[in-house]
Amino acid sequence: QVQLVESGGGLVQAGGSLRLSCAASRRTFSSFLMGWFRQAPGKEREFVAAIRWSGGIAYYAYYADSVKGRFTISRDNAKNTVYLQMNSLKPEDTAVYYCGASGDASGSYNDDGSYAYWGQGTQVTVSS
């Protein structure tokens, strides 16, 4: 079992920044596929960003087109934590953001069905 706890959401004006954190309970976190998804009211959950271990010392990061260039995903394995730095926020970024984890690092990173574990979500609201 892996428990995920998100934090860092809040209310911000358009153009502002927020950093979301997702702390994982498991020590084998370093090899996990980790992803951020979001769900706006009345919409399906959508992929935002993911980070996957390359097998060496590097990680690959993936982004939805809608956030590319504005959001950055990173991880600190010593702290079992993955981050989502969100800059230049737009009102359309308003959603509940969820952190997901998968022990199968080869899974499809942008498919929420690939993730076995989820956090409780954190609300991000961007005002215009």
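Start with a hairpin: β4 and β5 are joined with 6 residues between them. Gly42 sits in that turn and has a positive phi of about 80 degrees. Helices (H or I, at least four residues) and strands (E, at least two) are DSSP runs, numbered from the N terminus. This is a predicted model, in which local features need pLDDT of at least 70, side-chain atom pairs count only at pLDDT 80 or more, and totals for chains, interfaces and linings use all residues. Residues are numbered from 1 along each chain as its sequence is written, and side-chain values use heavy atoms, with hydrogens and water left out.

Now look at the pairing. Two strands pair if DSSP finds at least two bridges between them. Strand β4 (residues 33-39) runs antiparallel to β5, with 5 bridges. Met34 has Ile51 of β5 as its bridge partner.

Move on to β5 itself. This strand covers residues 46-53, and 6 of its 8 residues are buried, so the rest of the structure largely encloses β5. Buried means under 20% relative accessible area, exposed over 50%, partly exposed in between (1.4 Å probe, protein chains only).

β5 also pairs with β6 (residues 59-63), again antiparallel and over 5 bridges. Here Trp53 stands opposite Tyr59. The hairpin of β5 and β6 has 5 residues between the strands. Its Gly55 takes a positive phi near 105 degrees.

Next comes an open sheet. Its 4 strands follow the order β1-β3-β8-β7, with antiparallel pairing. β1 (4-7) and β7 (71-76) are the edge strands, each pairing on one side only. Between β7 and β8 (residues 81-86) there are 6 bridges. Asp76 faces Thr81 of β8 there.
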